[in-house]
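This report covers cysteine pairing, charged side chains and one strand residue. The sequence and structure come first.

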Amino acid sequence: MNIKVLGGGCKSCEALLRTVKGAVANKEVHAEVEYITDMEKIMEYGVMSTPTLMIDDKIVSAGKVLKAKDVEKLL
């Protein structure tokens, strides 16, 4: 599983990254978690608001910081 958190490095983006890493650890899921802050790369994904969560190259959440239980459901 490949998980990407896309964002500009703001507090919300960092919070989502921490939440995702915690959820992956709690669910004991084998996943590669990437944090992408390069705005050109983010634009290539067609993302209009951050933070954005992508799982296996599919956008599953944009513009909000999810709670750990919500991330776990998506995994």
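## Cysteine pair

In this predicted model, the cysteine sulfur closest to that of Cys10 belongs to Cys13, at 3.0 Å, which is too far for a bond. A disulfide requires the two sulfur atoms to be within 2.5 Å. Seen from the other side, the sulfur of Cys13 has Cys10 as its closest cysteine partner, again at 3.0 Å and too far for a bond. The search of the whole structure returns zero disulfides.

The two residues can also be described by their accessibility. Cys10 is partly exposed, with a relative accessibility of 36%. Cys13 is buried, and its relative accessible area is 0%.

## Salt bridges

Side chains of opposite charge can pair when their charged atoms come close. Two salt bridges are found in a search of the whole structure. One of the pairs is Glu34 and Lys4, whose closest N and O atoms are 4.0 Å apart. This pair links distant parts of the chain, since Glu34 belongs to strand 2 (residues 32-36) and Lys4 to strand 1 (residues 2-6), 30 residues apart.

Lys4 also forms a salt bridge with Asp57, and here the closest N and O atoms are 2.8 Å apart. Asp57 sits in the loop between strand 3 (52-55) and strand 4 (58-62) while Lys4 lies in strand 1, so the pair ties together parts that are 53 residues apart in sequence.

## The network and its accessibility

What links Lys4, Glu34 and Asp57? They are joined in a network of salt bridges. Is Lys4 buried or exposed? Lys4 is buried, at 7% relative accessible area. Glu34 has a relative accessible area of 25% and is therefore partly exposed, as the buried class ends at 20%.

## Thr52 in strand 3

Thr52 lies in strand 3 and is buried, with 0% relative accessibility. Its side chain reaches the backbone oxygen of Ser49 at a distance of 2.6 Å.

Which residues does Thr52 contact, leaving aside its neighbours within four places in sequence? Lys4, Val5 and Leu6 are among them, as are Leu16 and Val47. Ile59, Ser61 and Ala62 are also in contact with Thr52. Lys4 thus appears in two settings: in contact with Thr52, and in the salt-bridge network with Glu34 and Asp57.

Methods. Residues numbered from 1 in each chain as written. Predicted model: local features only at pLDDT ≥ 70, side-chain atom pairs only at ≥ 80, totals over all residues. Heavy atoms only, no water. Buried < 20%, exposed > 50% of the residue type's maximum accessible area, 1.4 Å probe, protein only. Salt bridge = Lys/Arg side-chain N within 4 Å of Asp/Glu carboxyl O. Helix = DSSP H or I, 4+ residues; strand = E, 2+ residues; numbered from the N terminus. Polar contact = N/O pair within 3.5 Å; in protein donor to acceptor, adjacent residues only side chain to side chain. Contact = heavy atoms within 4.5 Å.
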